[in-house]
Amino acid sequence: QVHVVESGGGLVQAGGSLRLSCAVSGSIFSVSTMGWYRQAPGNKRELVAHVTDFGKRNYASTVRGRFTISRDNAKNTTYLQMNSLKPEDTAVYYCDAYIRTEEMGILSLYWGQGTQVTVSS
């Protein structure tokens, strides 16, 4: 089985910082693109940031300049450093990753269960 587990969510004040982690484990062969989506109540799930296996990064315009995505390939883990947080950043943050398992040779998309980020004003 493949497991995608987020951690690091919590409650912070506006202007504060938070660092999210997403660790992939299980019977995996390799991990390709990894990243983050978020969904607030009443809103559509939206892209936050992604990073490819060769280090190319992209960000939603709403977080560009404030958030930084990175990854540790040796640990199959991606991180999202969130600075200058705003109340509108409040959402459940979901990790997504394209993974090639030991059982199957194709890349498949996996999702974590999400971690809550709440930013107070």
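A disulfide, as the word is used here, is a pair of cysteine sulfur atoms within 2.5 Å. Keep in mind throughout the tour that the structure in your viewer is a predicted model.

**First stop: the disulfide.** Select Cys 22 and Cys 95, whose sulfur atoms are joined in a disulfide with an S to S distance of 1.9 Å; the count for the structure comes to one disulfide. If you look along the S-S bond of Cys 22 and Cys 95, the torsion is about -80°, so this disulfide is left-handed. Cys 22 belongs to strand S3 (residues 18-26) and Cys 95 to strand S9 (residues 91-101), so the pair ties together parts that are 73 residues apart in sequence. Now show the surface and ask whether these two cysteines are buried or exposed. Cys 22 is buried, with a relative accessible area of 0%, and Cys 95 is also buried, with a value of 0%.

**Second stop: along strand S9.** Stay with S9 and add strand S10 (residues 107-111), which runs antiparallel to S9 and is joined to it by five bridges. To see one of these positions, select Ala 97, whose bridge partner in S10 is Tyr 110. The connection from S9 to S10 is a hairpin, made through five residues.

**Third stop: an arginine and two rings.** Select Arg 45 next, together with Tyr 94 and Trp 111. The charged end of Arg 45 sits over the ring of Tyr 94, 3.8 Å from the ring centre, and Arg 45 also lies over the face of Trp 111, at 5.0 Å from that ring's centre. As for rings paired with one another, the structure holds one aromatic pair.

**Last stop: the nonpolar core.** In soluble globular proteins, nonpolar side chains tend to be buried together. The largest nonpolar core here has 30 residues, and a good way in is to select Val 24, Trp 36, Leu 80, Met 82 and Tyr 93, which have the most contacts inside it. Among the strands that each supply at least two residues of this core are S1 (2-7), S3, S4 (28-39) and S11 (115-120). Which strand gives the most to this core? The answer is S9, with five residues.

Finish by centring the view on Val 24 and showing what surrounds it. Leaving aside residues up to four places away in sequence, Val 24 touches Val 2, His 3, Val 4, Val 31, Met 34, Lys 75, Asn 76, Ala 97 and Ile 99. One of these contacts, Ala 97, is the residue whose partner in S10 is Tyr 110.

Terms used. Residues numbered from 1 in each chain as written. Predicted model: local features only at pLDDT ≥ 70, side-chain atom pairs only at ≥ 80, totals over all residues. Heavy atoms only, no water. Helix = DSSP H or I, 4+ residues; strand = E, 2+ residues; numbered from the N terminus. Buried < 20%, exposed > 50% of the residue type's maximum accessible area, 1.4 Å probe, protein only. Pairing = 2+ DSSP bridges. Phe/Tyr/Trp six-rings, centres within 6.5 Å; stacked < 30°, edge-to-face > 60°. Lys NZ or Arg CZ within 6 Å of the ring centre and 35° of its normal. Core = buried A, V, L, I, M, F, W, Y, C linked by side-chain atoms within 4.5 Å. Contact = heavy atoms within 4.5 Å.
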